[in-house]
Amino acid sequence: MACFCATNLFLVSFGIFLWTGDAAGFCASVFETQQDHTLLGQVIQTVNVTDEFQCHRKCIGNSTCKSFNVHPPKINPMKNLKTCETNYQTRQTKPKQYKKKIGSSYHGSVEVSCVNIMETNSQKKSGRCQPGYSGKQCTAVKKGSSPDFPGVSCKDIRKSSNAQKNGDYWIDPKGIGLPFKVYCEMTTDGGGWLLVMNVITGSSHYNQLSVVTSYRGISDYHSNKMVITTSAMKELYRDLHFQQIRFHCRKHSVGRTFHVVTAANSSGNAVVQYFSGLTNVAPVSCGSYVRMEDDNSGLARRCSEWNHGKSGKWSRTGQDWNYSVQRLYNHAAWIVNLHHWDLVDRNPFECDDYGALPSSGDFWKVFVR
């Protein structure tokens, strides 16, 4: 579908509103209209307007606006002022918040391609593209490629744009216009993995880790010494509701790789809940994870011996404060005096070993999806 710039044109056809304004500098903005409906709880701004045209202008003038509601006058109907609510989500992204409301109308953005051409006396005039499009021909911007068009998560970006390249992407888990850059792993096991912990040893070993206490701090992954607290994982879970955790470490001096993903079952979900701080009950290890192809660890093969060799559970037992805060990097998984995942305790930088010296390039990574 192509739309060409014109001045002050408004069309109504098949429930679709198309407005283009040369004065406003916009190429086009297309909205579907649903009468007697509204989208609840996603409001950016509330203003009084005379009609839907004004509300539409408010929306397309805000790069975070994805839809708007128009409500009939409540006080002094003689003034004929309606209530305009601009939203940062649509009924497609928040279907449970889309409700019937007699007298109101919902207008939601529809993604279309937009060609922006206007030529007079050999001089080409180009307007601005609607959100999600860029360039002279308003080609679609890939989700996550810029702070102006972030994804909700790495999984969302992978699904929406079929991104297959590992690297930096922009996400905005809350969808409130505060995006930040993260690392997404798009190749392993279908991709869509968000990196939340990243430690890589260099020529000199780290004496101090960079501790993330709020999940926006995962942008610090470039430091190669980033670990995340349980409280930050809880905050991230609240906004993303991720369903899997992937543990991946490699230690060259002992030739070991520990690489597992939590299983898509109740046991795997218990691991996610535990490391996200939603429960203090250490989850059972056996049956809770799936070994990845490159895993050659003794730890993954001997799940029944985890945690003091008999209990077969993830993490430390007891109520020690450090263990509850440092769950992902302080004995997340271990067999006593033999195979450990550990970065802070007596023998730091352990990956399926017990006290062997680390070497340059060893790594410990945790992803969520």
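**Exercise 1. Find which residue of β6 stands opposite Asn69, and work out how strand β5 is placed among its neighbours.**

Solution. In this predicted model, the residue of β6 that stands opposite Asn69 is Glu85. As a next step, consider the pairing as a whole: β5 (residues 67-71) and β6 (residues 82-87) run antiparallel and are joined over five bridges. Then turn to β7 (residues 98-109), which is also antiparallel to β5 and is joined to β5 by four bridges; here Val70 has Ser105 as its bridge partner. Finally, look at the two faces of β5, where Ser67, Asn69 and His71 are buried on one side, while Phe68 and Val70 are buried on the other. Since five of the five residues of β5 are buried, the strand is largely enclosed by the rest of the structure.

**Exercise 2. Determine which residues of helix α4 are buried, and where they lie around the helix axis.**

Solution. Begin by listing the buried residues of α4 (residues 266-275), which are Gly268, Val271, Val272, Tyr274 and Phe275. These residues cover an arc of only 165° around the axis, and therefore they lie on the same side of α4. The next step is to ask what they pack against, and the partners are α3 (230-240), β17 (245-251), β18 (256-262) and β20 (330-335). Now examine the two ends of the helix: at the start of α4, a side-chain oxygen of Asn265 comes to within 3.1 Å of the backbone nitrogen of Ser267, whereas after α4 comes Gly277, whose phi is positive, near 75°. One of the buried residues, Tyr274, also has Arg327 over its face, at 4.1 Å from the ring centre.

**Exercise 3. Classify the ring pair of Phe247 and Trp314, and explain which parts of the structure the pair ties together.**

Solution. A pair of aromatic rings is described by two quantities, the distance between the centres and the angle between the planes. The whole structure contains 15 aromatic pairs. For Phe247 and Trp314 the centres are 5.1 Å apart and the planes are at 35°, so the pair is tilted; the tilted class begins where the stacked class, under 30 degrees, ends. Next, locate the two residues: Phe247 is in strand β17 and Trp314 is in the loop between α5 (298-301) and α6 (321-325), so the pair ties together parts that are 67 residues apart in sequence. Phe247 is buried, with a relative accessible area of 0%, and Trp314 is buried, also with a value of 0%. As a last step, place the pair in its surroundings: Phe247 and Trp314 belong to one aromatic cluster, whose members include Phe258, Tyr274 and Phe275.

Terms used. Residues numbered from 1 in each chain as written. Predicted model: local features only at pLDDT ≥ 70, side-chain atom pairs only at ≥ 80, totals over all residues. Heavy atoms only, no water. Buried < 20%, exposed > 50% of the residue type's maximum accessible area, 1.4 Å probe, protein only. Arc of directions from axis to C-beta. Contact = heavy atoms within 4.5 Å. Polar contact = N/O pair within 3.5 Å; in protein donor to acceptor, adjacent residues only side chain to side chain. Phe/Tyr/Trp six-rings, centres within 6.5 Å; stacked < 30°, edge-to-face > 60°. Lys NZ or Arg CZ within 6 Å of the ring centre and 35° of its normal. Pairing = 2+ DSSP bridges.
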